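Please look at the sequence and the structure below before reading on. The report then goes through a few places in the interior and along the strands.

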Amino acid sequence: MRWRLRRAAPADAPAVSLVAAASFLETFAGILSGEDIVAHVGRKSAPERFAAWIADPASRVTLATHPDGDAPVGYSLLTTPEDVGAVRPGDIELRRIYTLSVARGTGLGAALMAQAIADTRAMGHDRMLLGVLATNRRACNFYERQGFAIVGERRFLVGATWHDDRVYARAI
């Protein structure tokens with residue numbers, strides 16, 4: 001299957017918000033409380049938040065769409081690092097990279113990562129940071145296969161509950 005990847009435009013903010021909410025729910029249902037998921041998505045994945053990132057020249061939002069019908073099925077967000085520990089000049093944060101379950105195992109995650117790496121280089125950055133729930137083995141394994149290494153830990157608030165994250169980095 002050939003997924004379509006493109007840089008999100010301002011009109012894409014609602015579509016990115018939709019896939020962000022759906023993919024977060026799919027990923028964390030049964031792991032995090034439903035109340036925390038709803039609160040987190042409402043606060044962190046509203047269309048207005050994505051519109052601001054899309055408009056920010058220091059950020060890149062990539063939207064992945066299904067080849068049949070162009071429905072949003074994944075996305076990534078590169079932006080200024082926040083709450084990922086020590087940051088140095090040249091760093092950027094891969095704040096989000098998610099796919100819906102319909103796309104899992106198809107190579108879409110690797111394609112989104114390849115695009116994020118290309119965008120990082122094009123933006124003049126030389127190291128990518130990210131945070132991930134420490135117990136999310138699927139994601140941790142993916143990042144490690146992509147050349148990331150653990151560089152720290154952090155506490156991350158989802159809804160009203162604090163969780164332990166790993167912070168990963170990769171030279172670009």
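## A strand residue and its neighbours

In this report, helices (H or I, at least four residues) and strands (E, at least two) are DSSP runs, and they are numbered from the N terminus. The model discussed here is predicted. With that naming in hand, T79 can be placed in strand β3, which covers residues 72-79.

Is T79 buried or exposed? Buried means under 20% relative accessible area, and T79, at 4% relative accessibility, therefore counts as buried. The side chain of T79 makes a polar contact with the side chain of S59, at 2.6 Å. When residues up to four places away in sequence are not counted, T79 touches W53, D56, A58, S59, I92, E93 and R95.

## The nonpolar core

The largest nonpolar core has 44 residues, and those that touch the most other members are F24, L94, M113, M128 and Y143. Helix α1, which spans residues 13-28, supplies the largest share of this core, with six residues.

One of these well-connected members, M113, can be followed outward. Leaving aside residues up to four places away in sequence, M113 touches L94, I97, M128, F142, Y143, Q146 and F148.

## Aromatic pairs

A pair of aromatic rings is described by the distance of the centres and the angle of the planes. The count for this model comes to eight aromatic pairs. Among them is the pair of F24 and Y98, which is edge-to-face, with 6.3 Å from centre to centre and 65° between the planes. F24 lies in helix α1 and Y98 in strand β4 (residues 91-99), so this pair ties together parts that are 74 residues apart in sequence. F24 is buried, with a relative accessible area of 8%, and Y98 counts as buried at 18% relative accessibility.

F142 and Y143 also form an edge-to-face aromatic pair, for which the centres are 5.6 Å apart and the angle between the planes is 65°. Of these two residues, F142 counts as buried at 15% relative accessibility, while Y143 is buried with a relative accessible area of 8%. Both F142 and Y143 also appear among the residues that M113 touches.

## A cluster of rings

Which residues are linked into a cluster by ring pairs? The cluster consists of F24, F28, F50, W53, Y75 and Y98. Two of its names have appeared in other settings: F24 is among the core members that touch the most others, and W53 is one of the residues that T79 touches.

How values were computed: Residues numbered from 1 in each chain as written. Predicted model: local features only at pLDDT ≥ 70, side-chain atom pairs only at ≥ 80, totals over all residues. Heavy atoms only, no water. Core = buried A, V, L, I, M, F, W, Y, C linked by side-chain atoms within 4.5 Å. Buried < 20%, exposed > 50% of the residue type's maximum accessible area, 1.4 Å probe, protein only. Contact = heavy atoms within 4.5 Å. Phe/Tyr/Trp six-rings, centres within 6.5 Å; stacked < 30°, edge-to-face > 60°. Polar contact = N/O pair within 3.5 Å; in protein donor to acceptor, adjacent residues only side chain to side chain.
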